[in-house]
Amino acid sequence: MAWVEFSDTNVEKQRIGVIGTSFGMNHVQSATIVPEAKLVAACDLRDEFRAPIEKMGAKFYTDYRRMLDTEKRDGVVGALPNHLHAPVSIDCLERGLPVMVEKPVAGTLEDADKMIAVIERSGVPLLVGH
């Protein structure tokens, strides 16, 4: 296999949004250094993350629904408390946005079943980071 050198000029960047920078700062940083990704927005209830996110060239939100409705993204990373995995992921999936959610997939088996139903209905992928 030949080594392929990536550069900003030959890679189509995937626009990424991160919901939950408190838990997901490593995802924020990854989206800024991976050649195929571009961090376009991040959201957290804690405003202390605004300055570092904006310094990275992304928009910052404290309301994830507003971020979903405003920013054009190719996918979303959800790094949230477990009980929020299902409702936030479902909001993303219903908008046609692929989601990478941190483990566990959901806080309850019932919530996981709801997520599966939305995935099957929408055909939008969900990945669980483990």
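Which backbone nitrogen does the side chain of Asp63 reach? In this predicted model, the side chain of Asp63 reaches the backbone nitrogen of Arg65, at 2.9 Å. Asp63 itself is found in the loop between S3 and H3. With a relative accessible area of 38%, Asp63 is partly exposed, because that value falls between the limits of 20% for buried and 50% for exposed.

From Asp63 the path leads to another aspartate, Asp44. The two are 19 residues apart in sequence, and their C-alpha atoms are 7.3 Å apart in space. Asp44 also lies in a loop, the one between S2 and H2. Asp44 is buried and yet has no salt bridge. The nearest side chain of opposite charge is that of Arg46, 4.9 Å away; a salt bridge is counted within 4 Å, so Arg46 does not qualify.

What the side chain of Asp44 does reach is backbone. One partner is the backbone nitrogen of Thr21, at 2.9 Å, and another is the backbone nitrogen of Ser22, at 2.7 Å. Both residues also appear among the contacts of Asp44 once its neighbours within four places in sequence are left aside. That list further holds Gly20, Phe49, Phe60, Tyr61 and Thr62.

Thr21 leads on to helix H1, which covers residues 21-33. This helix bends by about 30° at His27. His27 is one of the buried residues of H1, as are Thr21, Gly24, Met25, Val28 and Ala31. The buried residues of H1 pack against several strands, namely S1, S2 (37-43), S3 (59-61), S4 and S5, and against helix H2 (50-55).

Helix H4, residues 85-94, can be followed next. Is H4 largely enclosed or open? Eight of its 10 residues are buried, so H4 is largely enclosed by the rest of the structure. The buried positions are His85, Ala86, Val88, Ser89, Ile90, Asp91, Cys92 and Leu93. Around them are four strands and two helices against which they pack: S1 (14-19), S4 (75-78), S5 (99-102) and S6 (126-129), together with H3 (64-70) and H5 (109-122).

Strands S1, S4 and S5 thus link the two accounts: the buried residues of H1 pack against them, and so do the buried residues of H4. After H4 comes Gly96, whose phi is positive, near 80°.

Methods. Residues are numbered from 1 along each chain as its sequence is written. This is a predicted model: local features need pLDDT of at least 70, side-chain atom pairs count only at pLDDT 80 or more; totals for chains, interfaces and linings use all residues. Side-chain values use heavy atoms; hydrogens and water are left out. Buried means under 20% relative accessible area, exposed over 50%, partly exposed in between (1.4 Å probe, protein chains only). Contact means heavy atoms within 4.5 Å. The bend at a residue is the angle between axes fitted to the seven residues ending there and the seven starting there. Lys and Arg count as positive and Asp and Glu as negative; His and the chain ends are not counted. A polar contact is a pair of N or O atoms within 3.5 Å; within protein, one must be able to donate a hydrogen and the other to accept it, and residues adjacent in sequence count only if both atoms are side-chain atoms.
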